[in-house]
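Reader: I should like to learn how the features of a protein model are read. May we work through one example together?

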Amino acid sequence: MTSHASATFPTLRTPAGPVPPDAPAWNRQRPGAMPHHRYRPVHDRVALPLTDRTWPSRGIERAPLWVPVDLRDGNQALAEPMDTERKRRLFDLLVAMGFKEIEVGYPSASETDFAFVRHLATGGAVPEDVTVSVFTAARRDLIDRTIASVEGLPRTVVHLYTATAPTWREVVLGRSRGEVHGMIRDAATHLMRRAGELPGADVRFEFSPEVFNLTEPDFVLEVCNGLTELWEASWDRPVIHNLPATVEVATPNVYADQIEYMHRHLARRDAVILSVHPHNDRGTGVACAELAVLAGAQRVEGCLFGNGERTGNVDLVTLALNLYAQGVDPMIDFSDIDAVREVAEYCTRLPVPPRHPYAGALVHTAFSGTHQDAIAKGLARHAEQAAEQGVPAGQAPWSVPYLPIDPHDIGRTYEEVIRVNSQSGKGGIAHLLRTHHGLDLPGALRPDFSRTVQRATDAGGRELSPEDLWDLFRATYLRPAQDGPVTLVSWHTAEEAPGVHRFAGTLRIGGREHHCRGTGNGPLSAFTDALGTAGIAVDILTYAEHAVTSGPGSPAISYAECRVGDVTRWGAGWDTSLLAASVHAVLAAVNRAERP
Ligand code: KIV
Ligand code: ZN
């Protein structure tokens, strides 16, 4: 059967043009045949006036105001938009997580959104300290419908938008710059008048010049500054100017320059909340938002897990947890990231990919041997340091290799951190046997068991759970004491004089019984001496033992590496008696050596 992947190869046109004459010898890439000349760099599309940027040397010290737009921007991007029940579940989740301003819909665009805003306005679902925001295009009839939807809500932001970029003005709106400006002012004036008619309501205003990132900076300033005046903004009643990268077209530094330029040139800056709304078309929405905050943005609109039109809005989960990982309180609760993910998946009917930062199923997991080894050592060191400092492990400073944050902080367990497949190594395997089954494998046994695990994973092609590892360990090292060619029918030891031990017992070898005796300076050497009398030459090379749990009657495990004739094998024994465990460990090694 031809696989899908190989079936697509013939359609590729491997770049085959002449290697550029100035290319260094180490780079043999060739010119391709795809028509890249059709696209223009951002510098040819929009003026970028800032050169003395200051954002590169700043750091983010506090969380911006996060405004989820999942119920509008994210909802509009779904093949099956959310119904009222789903919208309400998502709204309640956002409130529970700690968001204080939430865009809840585009009430003039659909009956469902209108009904949902009415549901919130009449249903008592909006806590005292939460402001809902509603979205509208700059048209009088749509503004009227929007105002009708929010009647009864004590606090709202009405978010007005118009596309301002040249291509949109010419192709979509068919209006000149002056006409677009006039249209915005007319709508903003109408909005202000209609909002004033809502008795006792606290209505604030937001404006978005849609496609800000491709709009002439002087035009954005002209429009936004005009609205700051018109809406009578003040420091205690600021307007929101939200500057979207509606379609992401440039590297994030370009957006940061655009935002810093606005931050420095917007009039009455203390009466303006500078907001950003990055999309993710180039896959750099998070970087755009972070650099924009460095550049002066105070508010960020986005969606949980980056839902939204096309490649999505900026991902608020990643942004907030990136801050958390820098020691800055994101002021949003992620202590049960999987519950957040499950509600978002239910509401959007979209899965969060397994590699999604922080929330994906695989993002805290190491399969590679070297990483597992480092993580296992890091977790052990973390526990020691917490104990030394006398603080719970969950409060001690975190620096475990390969884990940017402690998975426990977001409700994950360490179980998922180390998983074993054919790429895994001895450190991870030993870590799982220790944490799940109380075994502390001697260093010299680890590579031996790791080879056995590798054979099993190579043969089965699948991952092994901690339970599978334990079964494999038992079958490899413990069981041979019971089901090998040599078994002990009965035995006892005695210390006849200080340092003089005797072993006496009956062995069954290949179905025949042998009585044997031996002497040594300990019970195990007496046992190997007895084995010698039955024709089995055994030397114990390495030996270790420990209790598996604490308390009386807890089982013990012994590990013995033995030379049996001319082969060397490990065996293990498990018993409530340490002596019995050690005898079984040696017997298991003998039987493993006897096997072909
Ligand atoms: O992406 C966008 O530009 C928007 C609005 C804020 C207009 O969703
Ligand atoms: Zn958007």
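Author: Let us begin with a definition: a residue is near a molecule if one of its heavy atoms lies within 4 Å of it. Please keep in mind that this is a predicted model.

Reader: Which residues are around ligand 1?

Author: The residues around ligand 1 are Arg-72, Asp-73, Phe-135, His-159, Tyr-161, Ser-208, Glu-210, Asn-242, Pro-244, Thr-246, His-277 and His-279. By class, this shell divides into three nonpolar, six polar and three charged residues. At least two residues of the shell come from each of helix H2, strand E4 (155-163), strand E5 (202-210) and strand E6 (239-245).

Reader: How does one read the polar contacts of ligand 1, and which side chains take part?

Author: One looks for pairs of N or O atoms within 3.5 Å. An oxygen atom of ligand 1 lies 2.6 Å from an N or O atom in the side chain of Thr-246. For the side chain of His-277, the corresponding distance to an oxygen atom of the ligand is 3.0 Å, and for that of Asp-73 it is 3.2 Å. Taken alone, ligand 1 exposes 250 Å², of which the protein buries 96%.

Reader: Which residues coordinate the zinc ion (ligand 2)?

Author: For zinc, donors are N, O and S atoms within 2.8 Å of the metal. Here Asp-73 coordinates the zinc ion (ligand 2) through OD, while His-277 and His-279 each do so through NE2, at 2.1 to 2.2 Å. Along the chain, these donors follow the spacing D-x203-H-x1-H. Asp-73 lies in helix H2 (residues 70-76) and His-279 in the loop between strand E7 (272-278) and helix H10 (285-294), so the pair ties together parts that are 206 residues apart in sequence.

Reader: Are Asp-73 and His-279 buried or exposed?

Author: A residue counts as buried when its relative accessible area is under 20%. Asp-73 is buried because its relative accessibility is 8%. His-279 is also buried, with a relative accessible area of 4%.

Reader: The same idea might be applied to a whole helix. How many residues of helix H11 (residues 316-324) are buried?

Author: Seven of the nine residues of helix H11 are buried, and the helix is mostly covered. The buried residues are Leu-316, Val-317, Thr-318, Leu-319, Ala-320, Leu-321 and Leu-323. They pack against strand E1 (65-68), H10, strand E8 (299-302) and helix H12 (337-348).

Reader: What caps the N-terminal end of H11?

Author: Asp-315 does so, with a side-chain oxygen that lies 2.9 Å from the backbone nitrogen of Val-317. Asp-315 and Thr-318 also belong to the surroundings of His-356, which touches Phe-305, Asp-315, Thr-318 and Val-363, not counting residues up to four places away in sequence. His-356 itself lies in the loop between H12 and helix H13 (369-389). With a relative accessible area of 10%, His-356 is buried.

Reader: How should I read the surroundings of a residue within a helix, such as Asn-591 in helix H19?

Author: One asks where the residue lies, how covered it is and what it touches. Asn-591 is found in helix H19 (residues 578-594). Its relative accessible area is 0%, so Asn-591 is buried. Not counting residues up to four places away in sequence, Asn-591 touches Pro-480, Ala-481, Gly-484, Pro-485 and Val-486. His-584 is placed in helix H19 as well, and this residue is buried at a relative accessible area of 17%. With the same exclusion of sequence neighbours, His-584 touches Ala-481, Gln-482, Ala-572, Gly-573 and Asp-575.

Reader: What can be learned from the sign of phi?

Author: Most residues other than glycine have a negative phi. Glu-232 has a positive phi, near 55°. Glu-232 lies in the loop between helix H8 (217-230) and E6, and at 57% relative accessibility it counts as exposed. Tyr-402 likewise has a positive phi, of about 70°, although it is not a glycine. Tyr-402 is found in the loop between H13 and helix H14 (426-437).

Reader: Does Tyr-402 count as buried, partly exposed or exposed?

Author: Tyr-402 counts as partly exposed, at 49% relative accessibility.

How values were computed
Residues numbered from 1 in each chain as written. Chains lettered and ligands numbered in written order. Predicted model: local features only at pLDDT ≥ 70, side-chain atom pairs only at ≥ 80, totals over all residues. Heavy atoms only, no water. Donors = N, O, S within 2.8 Å, 3.2 Å for Na, K, Ca; no water. Helix = DSSP H or I, 4+ residues; strand = E, 2+ residues; numbered from the N terminus. Buried < 20%, exposed > 50% of the residue type's maximum accessible area, 1.4 Å probe, protein only. Polar contact = N/O pair within 3.5 Å; in protein donor to acceptor, adjacent residues only side chain to side chain. Areas by Shrake-Rupley, 256 points an atom, 1.4 Å probe, with all protein chains shown as cover. Nonpolar A, V, L, I, M, F, W, Y, C, P; charged D, E, K, R; others polar. Contact = heavy atoms within 4.5 Å.
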